[in-house]
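Colleague: Got a minute? I'd like to go through this one together.
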Amino acid sequence: MISDATALICLSKINNLDILKRVYSVVIIPPAVKNEVLLEEKEGYSSIKNAIESGWINVIEPKEIIALGLGAGENQAISLAKERKDKIILDDALAVKAANAFDIPIVRTTTVIFTALNKKIINKKQALSLLNRLIENGYYISTKDYAVLVSKLG
Amino acid sequence: MTQVQPLRIEEDILNLAEIRSKDEHTTKTAAIKQFLYSGAEEYLLKLCSKGRISIGKAAEILHKSIFDLQESAKNKGIQLGITAKEYNESKKFARDLI
């Protein structure tokens, strides 16, 4: 599984970066994403740094970077996913469109939570708590869609 | 890189810049640049929310971190991320899982 910066930032903000490890074992990021997420003064710096040092977040450089008009991290992450024929965790609307153009399978941060639930890594109560904390920290879900998800988790 | 751009600015805005410069112990020019930067940030965040620019690209243009841009969007009440259509696909996937 490859990730761009958003999922790592959102999950580290709520101190739940390790859910990625529990769901996917290893997450691959390109160097530009590492630069975007590994900022000493920001939340989650230690957890991201530890994850990279312990190797479950693996930094791999794409052989060729496709210029997609996105940010450096998004360009590199999509290039890497295409090159390795791997899935990618993306939440940005334009980056999702770009990945769709290459038929790259996309997973969203919320999907990570539901996959963890499906794999019985977390229970419904924990899934709801994670969902709520993501939203409290700025992750966008419309009220209507949130209601549907909560009703399923209730 | 910066460039000089001749610009006519309303007197009221200049007065506001004067007030801000005194409040923030800075120059009037710096205050005007702050107004401009703030407007550019809001516009870029709106483009992000419409899926016309990515958050990574917006962060590069503004020389800001994605962390800070997400925080600005939250404070300004601008919704970033996936569109309704894309979210519905995600929701369907979530429904299948639960």
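Modeller: One term up front: two residues are in contact if their C-beta atoms, placed from the backbone, lie within 7 Å. Also, this is a predicted model, where local features need pLDDT of at least 70, side-chain atom pairs count only at pLDDT 80 or more, and totals for chains, interfaces and linings use all residues. Residues are numbered from 1 along each chain as its sequence is written, and chains are lettered from A and ligands numbered from 1 in the order in which they are written.

Colleague: Fine. Which residues of α1(A) meet α4(B)?

Modeller: A5(A), T6(A) and I9(A) do, and on the α4(B) side they meet I66(B), F67(B) and Q70(B). By type, the residues of that contact split into 4 nonpolar, 2 polar and no charged. Here Ala, Val, Leu, Ile, Met, Phe, Trp, Tyr, Cys and Pro count as nonpolar, Asp, Glu, Lys and Arg as charged, and the others, Gly among them, as polar.

Colleague: At what angle do α1 of chain A and α4 of chain B pack?

Modeller: About 70°, with the axes 10 Å apart. Helix α1 covers residues 5-13 of chain A, and α4 covers residues 66-76 of chain B. Axes are lines fitted to C-alpha atoms, for helices over the stretch in contact, and angles run from 0 to 180 degrees between N-to-C directions.

Colleague: So what do we call that, parallel or perpendicular?

Modeller: α1(A) is roughly perpendicular to α4(B). The classes: under 35 degrees is roughly parallel, over 145 roughly antiparallel, 65 to 115 roughly perpendicular, and the rest oblique.

Colleague: And is the crossing of α1(A) and α4(B) left-handed or right-handed?

Modeller: Right-handed. That is the case where the near helix is turned clockwise from the far one by less than a right angle; anticlockwise would be left-handed.

Colleague: Let's step back. How many helices and strands in chain A?

Modeller: Chain A has 9 helices and 5 strands. Helices (H or I, at least four residues) and strands (E, at least two) are DSSP runs, numbered from the N terminus. The order from the N terminus is β-α-α-β-α-α-β-α-β-α-β-α-α-α. Chain A is as compact as a globular protein of 154 residues, because its radius of gyration is 15 Å, close to the 15 Å from the globule rule. That radius is taken over C-alpha atoms, and the rule is 2.2 Å times the number of residues to the power 0.38.

Colleague: What about chain B?

Modeller: Chain B has 5 helices and 0 strands.

Colleague: How much of each chain is buried?

Modeller: In chain A, 48% of the 154 residues. In chain B, 27% of the 98. Buried means 20 or more other C-beta atoms within 10 Å of the residue's own, exposed means 12 or fewer, and partly exposed is in between, with C-beta atoms placed from the backbone.

Colleague: How many residues of α7(A) are buried?

Modeller: 8 of its 10 residues are, so α7(A) is largely enclosed by the rest of the structure. Among them are V112(A), I113(A), F114(A) and L117(A).

Colleague: Which residue with a positive phi follows α7(A)?

Modeller: K120(A), with phi near 60°. K120(A) sits in the loop between α7 (109-118) and α8 (124-136). K120(A) counts as exposed, because it has 7 C-beta neighbours inside 10 Å.

Colleague: Now chain B. What is phi for H63(B)?

Modeller: Near 55°, a positive value in a residue other than glycine. H63(B) lies in the loop between α3 (55-62) and α4 of chain B. With 8 other C-beta atoms within 10 Å, H63(B) is exposed.
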